[in-house]
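Work through the exercises below with the sequence and the model in view. Each task is followed by a worked solution.

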Amino acid sequence: MEQQLHSQLKDTVRYLGATLGDTIKAQLGEEWLERIEKVRIDGRNSFKGEQSAGEELKALFADLKDDELLTVGRAFAQFLNLANIAEQEFNSSNDISDPVAELFQHLETADVSAKTFEQALSQLKIELVLTAHPTEVTRRTLIHKHGELARCLSELNHTQLTDIQRQRIQTRIADLISQAWHTEEIRSVRPTPVDEARWGFSVIENSLWEAVPDFIRELDAKISAKYGINLPLDATPVKFCSWMGGDRDGNPFVTAKVTEQVLLLARKRAAKLFAQDLDKLQVELSMRDCNAKLRDLVGDVNEPYRALLRPLLRRLQNTEKGIMAYVNERPADASDWVSRKEELLDPLMLCYASLCECGMKLIADGYLLDTIRRVHCFGVNLLKLDIRQDSERHANVFSELTRYYGLGDYAQWSEEDKQAFLLKELGSKRPLLPDDWQPSDEVQEVLDTCKVIAKHNRDGFGIYIISMASLPSDVLSVQLLLKSSGVTWPMSVAPLFETLDDLNNAESVISKLLSIDWYRGYIQGHQHVMIGYSDSAKDAGAIAAGWAQYTSQEALVALADKFNVELTLFHGRGGTIGRGGLPAHSAILSQPPGSLKGGFRVTEQGETIRYKFGMPVLAQRSLNLYASAIIEAIVLPPPAPKDSWREAMTAMAADGRDNYRQTVRHDESFVPYFRVATPEQELGKLPLGSRPSKRKPTGGIESLRAIPWIFAWAQTRLVLPSWLGVMKAVKKTLDNGHSATIEEMQASWPFFRSRLSMLDMVFYKADPRISAEYDARLVPDELKHFGEALRNELTFSIELLLKLLKQETTMESDPKGKESMKIRAGYLQPLHFLQIELLKRIRAQGDNECPVLERAMMVTIAGIAIGMRNTG
């Protein structure tokens, strides 16, 4: 059956490829179509190991003109896009697995009682934080076309059609593919933070708005059937937050003004969506019978439900129009705007209670219940906006302020003196900020951001995250800034521990904070801590970072228990392995025991948002996966590691760190090799997200963000950050006589098993042959030994992993994933050879710009990212 389904997927990919071929032929002629087809066949044969096919590709690309290289690049980038769309639609339509049913089986096997399950269910709190890190390489105008294409494929593959209907859909597919071909696939300018936020709103409108109530309804039905338990009406197992328009860490384009605009535009979108819901409810709730409470409120009218909802609909419409006027700096009266969740919820709940009392519970549990659940999930603000800023920016405020007061430079004070000053001011009733003080523009921007928080409803905000937090004063300083700006509610302030040292010191920092009486009173029994995956892996390598993340979470969980505080760990994972990306189920079940008691908060980044939540059916499946894995981890937590496992893991982490840093930090050949062997420098020109690729424009490798760091290595298929130094460390532990321990860890410890599983997938995506091609054309002779050494380590690492997993080839345990990559491999191969030719030509030009070459370069970068199904 599975083989038959994969055959169907291949047929769909071929059909879409042929349709794109027809489009190319219509514009460029038969000769071009034959050329593209030859490149495709050579690419496929090269992937299979035919060296002559690779040589033919190189020779062909060397002979093509610059604009012709662009055409070839566009063709194969679009082939890969179409393959991804076909696979996404295929998976959404043919995936018959049921994560919740599988959960029930596991719980039944473990003899878990209904009461235990109910307790775990009450702890189910999922917060998904949508972020616009520069990983989404596909333009939003193309995302819309791709969504339409997926819908057409679903109709074509899964509906009984007449010949005329089938022809109509095929014509529409050809139309959409032609539209995409004639559309610029690379943005001409970077998106603004407001553009990114609007994209996030569209994900909610086009997918999550439908998926969330469907997910809760289905979950409720399954739980009721299994355990006789029903979710309460106000159940909110999932909530959504955003960094788009709130994350100003290293992004000068996210200003206080932008944050305020994004807050208002989110309210505007929420008002629009709830107005649509109420308009539909007005049509459906035409009944006359109602309870006394509703009758007293609306009087003796024939249609009491409509009479109650009509004024609310008008207010929502006024809210939408008014915010639009305000944002465009036109006069706007906010007195009639819907500003609080209760203004929506109270009339809806009155309708619900009345319908139930009057024998119409079936109607109450229909679209009305869906709307009630949307109010609980999204509220009038659509999502909660997190604020993120670097700790140095907060310290600069106090440095300027203390110098103004003649107290010296705050930055030069000891940590004890900083804490004493901050706590004294937190307890003071006098204003901290003098009226006649003229701070620098950077400091004023920090203060203006805090004032925006004070100005708007607390329900519009998530938490305040401090990047590069390493000391208790980093947290206290933000709390003082918020207080001094007029924030009257205790906004949760989360330190982000993201380097290896910061992760290792996390327990000490939080312990010192929780030992402060004022601080414990402020947090009201709930502490957020963010764990950084990207920068810790870039700092110390994958295995050392993974172990530091695990042990810091363990220590923080114990600390929260000691101080009787609820701890919410916020996981800053990316979509790729080098940035902590793991399949959701594996990631959750490999967490330390007890780490989910305070809920599960995680970033969803860039292209992973589209792959997991881009369509309602995909979003509902992703939410089911999260919910089932979290409940399982609460009820059946993974074992705490044995002492022997800890010793082995600690040794491997230390060796892995040293191996990684020896190459990345201490080998003088590394930086020159990285710069020439990868398109790292060219990546900076790609207008992906609104953030610059470096935190500091003048910085080197150390200031390069984790995303372009990962992205650059993925382009050459060396995917180095995900594996460098890891298997050498494992080999040393095996050689020291711990093979039985490693085997036991592999069999019984989800954390360790998931590390090996990640590497299995990484090594399937890696291709030393492709990396060698980049080196042959781009790397000077004196550096070629360096790339050769890296590939030797990669080959050694793959062989050792296969031995540990008892596999002949990579990804044997995931044939579906393997087949997925194989489908795209033939289209990827030509893009690598093409990119190498382009890099050679661009670098030969020196400082002279060639727009056609640069555009072709951007197309190949985006195309390879799409084909690899991850960017950063």
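**Exercise 1.** Decide whether strand E2 (residues 238-242) is enclosed or open in this predicted model.

Solution. Start with the cut-off: a residue is buried when its relative accessible area is under 20%. Four of the five residues of E2 are buried. The strand is therefore largely enclosed by the rest of the structure.

**Exercise 2.** Find the strands that pair with E2, and the sense in which they run.

Solution. Take strand E1 (residues 126-131) to begin with: five bridges join E1 to E2, and the two run parallel. In this pairing, Glu 127 stands opposite Lys 239 of E2. Next take strand E3 (residues 384-390), which pairs with E2 over two bridges, also in the parallel sense. Here Cys 241 stands opposite Lys 384 of E3.

**Exercise 3.** Check the length of helix H14 (residues 361-378) against the expected span, then describe its course and cover.

Solution. H14 has 18 residues, and at 1.5 Å a residue these should span 26 Å. The end C-alpha atoms are 24 Å apart, which agrees. Along its course, H14 bends by about 50 degrees at Leu 368. As for cover, 14 of the 18 residues are buried, so the helix is mostly covered. Just after H14, Gly 379 takes a positive phi of about 65 degrees.

**Exercise 4.** Place Leu 407 and say which surface patch it belongs to.

Solution. Leu 407 lies in the loop between helix H15 (391-404) and helix H16 (415-426). Its relative accessible area is 46%, so Leu 407 is partly exposed. Together with Tyr 404 and Tyr 405, Leu 407 makes a nonpolar surface patch of about 290 Å².

Terms used: Residues are numbered from 1 along each chain as its sequence is written. This is a predicted model: local features need pLDDT of at least 70, side-chain atom pairs count only at pLDDT 80 or more; totals for chains, interfaces and linings use all residues. Side-chain values use heavy atoms; hydrogens and water are left out. Patches are made of residues with over 30% relative accessible area and no salt bridge: like charges are joined within 9 Å, nonpolar side chains (Val, Leu, Ile, Met, Phe, Trp, Tyr) within 5 Å. Accessible areas come from the Shrake-Rupley method with a 1.4 Å probe; for residues, only the protein chains shown count as cover. A salt bridge is a side-chain nitrogen of Lys or Arg within 4 Å of a carboxyl oxygen of Asp or Glu. Buried means under 20% relative accessible area, exposed over 50%, partly exposed in between (1.4 Å probe, protein chains only). The expected span of a helix is 1.5 Å times one less than its number of residues. The bend at a residue is the angle between axes fitted to the seven residues ending there and the seven starting there. Two strands pair if DSSP finds at least two bridges between them.
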